[in-house]
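This report goes through a protein chain by topic: salt bridges, sheets, enclosed spaces and backbone exceptions. Please keep the sequence and the structure open while reading.

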Amino acid sequence: MELNRRTVIAGAAAAGLAATALGTAPAQASPGGKPVKEYFGTLADGTKVHRWSLENGGTRMKVLSYGGIIQSLEVPDRHGRHANVSLGYDNLAAYVAGTTFFGAIIGRYGNRIAKGRFTLDGKKYQLSVNDGVNSLHGGKQGFNTKVWDIEPFTAGSDVGLHLHYTSVDGEMGYPGTLRTKVTFTLTRHGDWRIDYEATTDKPTVVNLTNHTYYNLAGEGSGSIYDHELWLAAGRFTPTDSGLIPTGERALVKGTPFDFTHPKPIGRDIRTGHPQLVTAKGYDHNFVLDKGVTARPEHVVTLRDPGSGRTLKIFTDQPGVQFYSGNFLDGTLVGPSGRTYRQGDGLALETQHFPDSPNEPSFPSTVLRPGRTYRTTTIHRFSA
């Protein structure tokens, strides 16, 4: 899910961005070893951005301090050959200019809030709007644009990163100072685990997620329409023309939205279903059958038949936003040197439902002082 407009890389230069591309060989981390830090670039205000490399259990990951972005995620195919299965860029300028949210931590609120407005405890709040009249992924300067403090760690056979960011009261219109910690862990089995935590000093709304775009055949390899997808969701939330949920929880049975049995993503994507026409493909929240759970449960399986790579996702959240890369238009160039076109990647964002602050029947995203927001998502790769 991204802003419905083109990314103009030249816009960064016009804004006076001073970003420095890497000129050295990528840093390497030994399996299960301590994460390695290197310089990635400099923002216009002089802030330095670093990249962390870590590896464990056959999974290799590179993470930027800018936006907590997953810049590269390498996993092996059935023959043991590694490929980067996440879309992104090879330079900081492209990330700063971009509107795709490639690989970023999303907050304070993942997904859309209608007209950027909500009422909490009788008080009305106006948020930053950046998707027509709506607020998307936290507004114009959401968590994807922030430089996160990062601490590496090793814990037994696991390796990972603790990422910290404090969002001050009123940032992008949200009430309360929100102290956020996101932990990326690579396990000895190669699983990528994300643990989110947040506390606030005033009542606020929170909905954190990650926005990695996947192509299990490898970034820049072409369309994901032959990927097979299974979702443990018998319902989805239809949207209006602005991609805001109508409040309905519609049955997927008998529609192109039925992924309760694995099927190729491209099988029904070009049918004339009104919801697919509005979104130019899939850009919808799927209502997970399990609801909110105390522990992460298996809710998604994505498989690329060609490489044999499989991704299983486990979460405690009630929804998954499935976005099929509808607005990738051939103007963006990835690390492979190849352009990204419509359907060249997909996002599977575990989260609460879009516009939950304005829909009483949806699971609440309210966080109050004295409570801690906690949620976990696990990505399990195999071939």
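## Salt bridges

A salt bridge is counted here when a side-chain nitrogen of Lys or Arg lies within 4 Å of a carboxyl oxygen of Asp or Glu. The structure is a predicted model, and by this rule the count comes to 13 salt bridges. In general, side chains of opposite charge can pair when their charged atoms come close.

Arg-60 takes part in two of the listed pairs. With Glu-55 the N to O distance is 3.6 Å, and with Glu-74 the closest N and O atoms are 3.2 Å apart. The second of these pairs links distant parts of the chain, since Arg-60 sits in strand β3 and Glu-74 in strand β4 (residues 70-76), 14 residues apart. Together, Glu-55, Arg-60 and Glu-74 are linked in a network of salt bridges. How do the partners rank in accessibility, buried or partly exposed? Arg-60 has a relative accessible area of 31% and is therefore partly exposed, because that value falls between the 20% limit for buried and the 50% limit for exposed. Glu-55, at 13%, counts as buried.

A further salt bridge joins the side chains of Lys-263 and Asp-268, at 2.5 Å from N to O. Both Lys-263 and Asp-268 are buried.

## The five-stranded sheet

An open sheet of 5 strands has the order β1-β2-β3-β4-β5, with antiparallel pairing. β1 (36-42) and β5 (82-84) stand at the edges; each has a single partner strand, so one side of each lacks a neighbour in the sheet. Direction ignored, neighbouring strands of this sheet are turned by 20° against each other on average.

Within this sheet, strand β2 (residues 48-56) and strand β3 (residues 59-64) run antiparallel and are joined by 6 bridges. Ser-53 has Lys-62 in β3 as its bridge partner. The salt-bridge partner Arg-60 is also in β3.

## The six-stranded sheet

Another open sheet has 6 strands in the order β17-β28-β25-β22-β19-β20, and its pairing is antiparallel. Its edge strands are β17 (213-214) and β20 (250-251), each pairing on one side only. In general, strands of a sheet pair through backbone hydrogen bonds.

At the β20 end, strand β19 (residues 235-237) pairs with β20 in the antiparallel sense over 2 bridges. Phe-236 stands opposite Ala-250 in β20.

## Cavities

The structure holds 4 cavities of 30 Å³ or more. About 60 Å³ of space lies in the largest cavity. Its lining includes Ile-194, Tyr-196, Thr-209, Asn-210, Leu-348, Glu-349 and His-379.

Which elements give two or more residues to this lining? They are β14 (192-200), β16 (209-210), β28 (346-351) and β30. Of the elements, β28 gives the most, with 3 residues; β28 is also a strand of the six-stranded sheet. By class, the lining of the largest cavity has 4 nonpolar, 6 polar and 1 charged residues.

## The second largest pocket

The second largest pocket has a volume of about 330 Å³. It is lined by 16 residues, and the closest to its centre are Val-366, Leu-367, Thr-372, Tyr-373 and Arg-374. β29 (366-367) and β30 (373-382) each supply at least two residues of this lining. β30 also gives two or more residues to the lining of the largest cavity.

By class, the lining of this pocket divides into 6 nonpolar, 6 polar and 4 charged residues.

## Backbone exceptions

Most residues other than glycine have a negative phi, and most peptide bonds are trans. The peptide bond from Gly-107 to Arg-108 is cis, with omega near 0°. Arg-108 is found in the loop between β6 (105-106) and β7 (112-113).

Phe-101 is not a glycine, yet has a positive phi of about 65°. Phe-101 lies in the loop between α2 (92-97) and β6, and is buried at a relative accessible area of 9%. Leu-243, also not a glycine, has a positive phi of about 65°. Leu-243 lies in the loop between β19 and β20. At 10% relative accessibility, Leu-243 counts as buried, because buried means under 20%.

Methods. Residues are numbered from 1 along each chain as its sequence is written. This is a predicted model: local features need pLDDT of at least 70, side-chain atom pairs count only at pLDDT 80 or more; totals for chains, interfaces and linings use all residues. Side-chain values use heavy atoms; hydrogens and water are left out. Two strands pair if DSSP finds at least two bridges between them. Helices (H or I, at least four residues) and strands (E, at least two) are DSSP runs, numbered from the N terminus. On a 1 Å grid over the protein atoms alone, a cavity is a set of points where a 1.4 Å probe fits but cannot get out, and a pocket is an open set with protein on both sides within 12 Å along at least five of seven lines; lining residues have an atom within 4 Å of a point. Grid points are joined across faces, edges and corners, and a volume is the space filled by probe spheres set on the points. Ala, Val, Leu, Ile, Met, Phe, Trp, Tyr, Cys and Pro count as nonpolar, Asp, Glu, Lys and Arg as charged, and the others, Gly among them, as polar. Axes are lines fitted to C-alpha atoms, for helices over the stretch in contact, and angles run from 0 to 180 degrees between N-to-C directions. Buried means under 20% relative accessible area, exposed over 50%, partly exposed in between (1.4 Å probe, protein chains only).
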